[in-house]
Amino acid sequence: MNIPITQKAKQQLHNNQVVRTQVAANSEHPVIEKDLEPGIIAEANKDGTIFVDKDASNHKKLEAIAHEKVHMDQMERGDLSYDDDNVYWKGEVYPRDKMEEGAKNLPWEKEAWQANKKFNA
């Protein structure tokens with residue numbers, strides 16, 4: 001399953017639902033269900049929110065939230081940042097047009113994919 005961190009979903013938050021159900025009950029970050037682009041399950045945002053695709057199964061949502069929470073932790077400790085053109089990891093610049101978003105070999109994804117393994121254990 002590919003769960004990339006991306007910022008392509010730009011809808012207004014007032015058109016979306018903040019999830020406070022069992023899907024997001026254990027998340028300290030607001031989880032917002034919304035339509036995301038095809039193939040995108042969830043996104044971690046610099047404003048502290050997590051977007052999750054409203055049409056994903058509860059299992060996929062829970063797994064994606066666990067994955068994106070790792071990215072939130074990475075951003076909070078200063079290891080990860082991004083803008084529309086680049087991802088910044090521990091002082092290195094990774095141009096978005098030269099990578100596959102969410103690829104397991106990207107350094108910030110390695111840690112996040114460990115959350116998926118634990119979730120599915």
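In which sense do strand β3 and β4 pair, and over how many bridges? Strand β3 (residues 42-44) and β4 run antiparallel to each other, held over three bridges; here two strands pair if DSSP finds at least two bridges between them. Helices (H or I, at least four residues) and strands (E, at least two) are simply DSSP runs, numbered from the N terminus. Before going further, a word on the model: it is predicted, so local features need pLDDT of at least 70 and side-chain atom pairs count only at pLDDT 80 or more, while totals for chains, interfaces and linings use all residues. Residues are numbered from 1 along each chain as its sequence is written, and side-chain values use heavy atoms, with hydrogens and water left out.

Now the overall layout. The protein has two helices and seven strands, and along the sequence they come in the pattern β-β-β-β-α-β-β-β-α. Of its 121 residues, 50% count as buried, where buried means under 20% relative accessible area, exposed over 50%, and partly exposed in between (1.4 Å probe, protein chains only). The accessible surface comes to about 6,600 Å², with 48% of that belonging to carbon and sulfur atoms; these areas come from the Shrake-Rupley method with a 1.4 Å probe, and for residues only the protein chains shown count as cover. Among contacts (heavy atoms within 4.5 Å) with a separation of 6 or more, 49% are between residues 24 or more positions apart.

Back to β4, which spans residues 50-53 and is covered on both faces. I50 and V52 sit on one side, F51 and D53 on the other, and all of them are buried. Besides β3, this strand has strand β2 (residues 31-34) as a partner: the two run parallel and are joined by four bridges. I50 in β4 is a handy reference point, since V31 stands opposite I50 and A44 also stands opposite I50. The hairpin of β3 and β4 has five residues between the strands, and there G48 takes a positive phi near 90°.

The other sheet to look at is an open one of three strands, in the order β5-β6-β7 with antiparallel pairing. At its edges stand β5 (80-82) and β7 (92-95), each with a single partner strand, so one side of each has no neighbour in the sheet. From one strand to the next the twist averages 20°, with axes taken as lines fitted to C-alpha atoms (for helices, over the stretch in contact) and angles running from 0 to 180 degrees between N-to-C directions. Three bridges connect β5 to strand β6 (residues 86-89), again in the antiparallel sense, and S81 stands opposite Y88 in β6.

Next, the charged pairs. Side chains of opposite charge can pair when their charged atoms come close. With a salt bridge taken as a side-chain nitrogen of Lys or Arg within 4 Å of a carboxyl oxygen of Asp or Glu, a search of the whole structure turns up six. One of them joins the side chains of E33 and K61 at 2.3 Å, N to O. E33 belongs to strand β2 and K61 to helix α1 (residues 58-76), so this pair ties together parts that are 28 residues apart in sequence. Both E33 and K61 are buried.

K54 and D35 form another salt bridge, their closest N and O atoms being 3.5 Å apart. K54 is in the loop between β4 and α1 and D35 in the loop between β2 and β3, so parts 19 residues apart in sequence are tied together. Each is partly exposed, K54 with a relative accessible area of 39% and D35 with 37%. The side chains of E111 and R77 also meet in a salt bridge (2.6 Å, N to O), linking distant parts of the chain: E111 is in helix α2 and R77 in the loop between α1 and β5, 34 residues apart. E111 is partly exposed at 32%, and R77 counts as partly exposed at 42% relative accessibility. Salt bridges that share partners also join D35, K54 and D55 into one network.

Two more buried residues round out the picture. W113, in helix α2, is buried with a relative accessible area of 9%. W113 and V70 are 43 residues apart in sequence, yet their C-alpha atoms are 8.8 Å apart in space. G102, in the loop between β7 and α2 (107-119), counts as buried at 3% relative accessibility. The C-alpha atoms of G102 and I40 are separated by 9.6 Å, with their positions 62 residues apart along the chain.
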